[in-house]
Amino acid sequence: MPRTSADPSRDRPLSRPIPPEAIGALPEGRPLVELGTGMPLARLFRFPHDFPGWHPISPAMAHDMFTPARPALTPELMIRAYAAGIFPMSDGAQHDSIFWVDPQRRGVFPLDRFHVSRSLRRRLRQGGFEIAVNRDFAGVVTACADRDETWINADIFSTYMALHALGQAHSVEVWMDGALAGGVFGVTLGAAFFGESMFSRRTDGSKLALVHLVERLRMGGFQLFDTQFTTGHLESLGAIEVPRADYRRQLQMAISSPADFFAPERCADQPSEQRSTQTS
């Protein structure tokens with residue numbers, strides 16, 4: 001098995017729960033739109049007009065006082081969005097606009113049904129790679145955004161970096177021959193992990209990262225692994241679509257519960273006598 005490492009210089013905060021009553025309600029009645037072939041219908045919200053909990057300084061202020069300036073996308077706003085069940089996207093890396101997406105059907109990974117194929121099990125046994133956590137978070141996000149079509153613009157990128165600095169965004173990375181070969185990153189909130197994106201530079205790079213991420217989430221007591229949408233690739237590993245109402249119920253339970261993304265490291269830090277007592 002490959003060696004797993006986490007950055008020892010960083011604190012390892014618990015993923016703190018957030019009470020459901022702290023989350024503002026989203027406006028209803030937004031029309032459903034098509035996001036693309038094979039993707040579910042979704043409601044789109046404007047930023048910041050429809051954002052939960054957003055209140056302008058004064059409704060009477062002239063509109064052009066907010067033009068071209070607009071409220072910044074902050075980690076706090078991002079957390080409120082995830083807790084309300086919506087997530088941000090942009091039309092491209094060079095686009096300044098941000099919109100919030102509320103899919104009619106949501107992609108999730110049931111943590112007890114993650115499927116590892118025979119070939120992937122064989123690849124895991126072969127080794128020749130190292131799993132790291134948060135060693136190069138910026139590198140993972142950059143690699144995920146380095147595509148012809150991307151939804152990660154400069155504001156979204158910088159907000160993920162700020163969430164990472166706060167201990168609420170993490171990357172699981174696959175390293176081969178001293179180079180980043182694949183990875184996945186996401187945001188934690190309570191016992192929910194919101195998977196944002198993944199990439200591969202070597203064969204099975206993203207799959208290897210996902211296997212170790214799922215093991216970490218299971219060990220840390222996570223209840224929800226949100227993939228936002230599903231693809232054929234994700235479905236082959238066990239991802240499913242659930243109706244928005246079902247997702248919202250799972251979300252409210254997960255964000256109001258604690259979890260520990262660094263449970264494997266905490267377990268490894270304990271004396272062997274203490275570990276054996278806890279598992280006996």
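The following exercises, with worked solutions, concern a predicted model.

**Exercise 1. Burial of helix α1**

Determine which residues of helix α1 are buried, and identify the residue that follows the helix.

*Solution.*
Step 1. The helix spans residues 75-84. A residue is classed as buried when its relative accessible area is under 20%.
Step 2. With this cut-off, eight of the 10 residues of α1 are buried, and the helix is mostly covered.
Step 3. The buried residues are P75, L77, M78, I79, A81, Y82, A83 and A84.
Step 4. After the helix comes G85, which has a positive phi near 95°.

**Exercise 2. The crossing of α1 and α4**

Classify the arrangement of α1 relative to α4, and describe the contact between these helices.

*Solution.*
Step 1. The two axes come within 9 Å, and their crossing angle is roughly 90°.
Step 2. Angles of 65 to 115 degrees count as roughly perpendicular; α1 is therefore roughly perpendicular to α4.
Step 3. On the α1 side the contact involves P75, M78, I79 and Y82, and on the α4 side T159, Y160, A162 and L163.
Step 4. By class, this contact of α1 with α4 holds seven nonpolar residues, one polar residue and no charged residues.

**Exercise 3. The crossing of α1 and α7**

Classify the arrangement of α1 relative to helix α7, and list the residues in contact.

*Solution.*
Step 1. Helix α7 covers residues 244-255, and its axis comes within 9 Å of that of α1, with a crossing angle of roughly 130°.
Step 2. An angle over 145 would count as roughly antiparallel, and 65 to 115 as roughly perpendicular, with the rest oblique; α1 is therefore oblique to α7.
Step 3. Helix α1 contributes Y82, A83 and A84, while α7 contributes R248, L251, Q252 and I255.
Step 4. The contact of α1 with α7 divides into five nonpolar residues, one polar and one charged.
Step 5. Y82 also takes part in the contact with α4.

**Exercise 4. The surroundings of α3**

Establish which residues of helix α3 are buried and which elements they pack against.

*Solution.*
Step 1. Helix α3 runs over residues 137-145, and seven of its nine residues are buried.
Step 2. These residues are F137, G139, V140, V141, A143, C144 and A145.
Step 3. Their packing partners are helix α4 (154-165) and the strands β8 (169-176), β9 (179-189) and β10 (192-200).

**Exercise 5. Two residues with positive phi**

N134 and D177 are not glycines, yet each has a positive phi. Is N134 buried or exposed, and is D177 buried or exposed?

*Solution.*
Step 1. N134 lies in the loop between β7 (130-133) and α3, and its phi is about 60°.
Step 2. The relative accessibility of N134 is 5%, so this residue counts as buried.
Step 3. D177 lies in the loop between β8 and β9, with a phi near 55°.
Step 4. The relative accessibility of D177 is 72%, so this residue counts as exposed.

**Exercise 6. The environment of Q223**

Locate Q223, state its exposure, and list its contacts beyond its neighbours within four places in sequence.

*Solution.*
Step 1. Q223 belongs to the loop between α5 (205-219) and β11.
Step 2. Because its relative accessible area is 42%, Q223 is partly exposed.
Step 3. Apart from those neighbours, Q223 contacts L111, A191, M253, A254 and S257.
Step 4. For the pair Q223 and M253, the separation is 30 residues in sequence, and the C-alpha to C-alpha distance is 8.2 Å.

**Exercise 7. The largest pocket and the largest cavity**

Describe the largest pocket and the largest cavity by volume and lining.

*Solution.*
Step 1. The volume of the largest pocket is about 870 Å³. Its lining has 34 residues, and those closest to the pocket centre are M39, M89, W151, E196 and F229.
Step 2. At least two lining residues come from each of β4 (87-89), β10, β11 (224-228) and α6 (232-236).
Step 3. The pocket lining comprises 16 nonpolar, 12 polar and six charged residues.
Step 4. Across the whole structure, one cavity of 30 Å³ or more is found. The volume of the largest cavity is about 30 Å³.
Step 5. P13, L14, S15, R16, L166, G167, Q168 and T188 line the largest cavity. Three of these lining residues are nonpolar, four are polar and one is charged.

Notes. Residues numbered from 1 in each chain as written. Predicted model: local features only at pLDDT ≥ 70, side-chain atom pairs only at ≥ 80, totals over all residues. Heavy atoms only, no water. Buried < 20%, exposed > 50% of the residue type's maximum accessible area, 1.4 Å probe, protein only. Contact = heavy atoms within 4.5 Å. Axes fitted to C-alpha atoms, helices over the stretch in contact; angles between N-to-C directions. Parallel < 35°, antiparallel > 145°, perpendicular 65-115°, else oblique. Nonpolar A, V, L, I, M, F, W, Y, C, P; charged D, E, K, R; others polar. 1 Å grid on protein atoms, 1.4 Å probe; cavity = no way out; pocket = protein on both sides within 12 Å on 5 of 7 lines; lining within 4 Å. Points joined across faces, edges and corners; volume = space filled by probe spheres on them.
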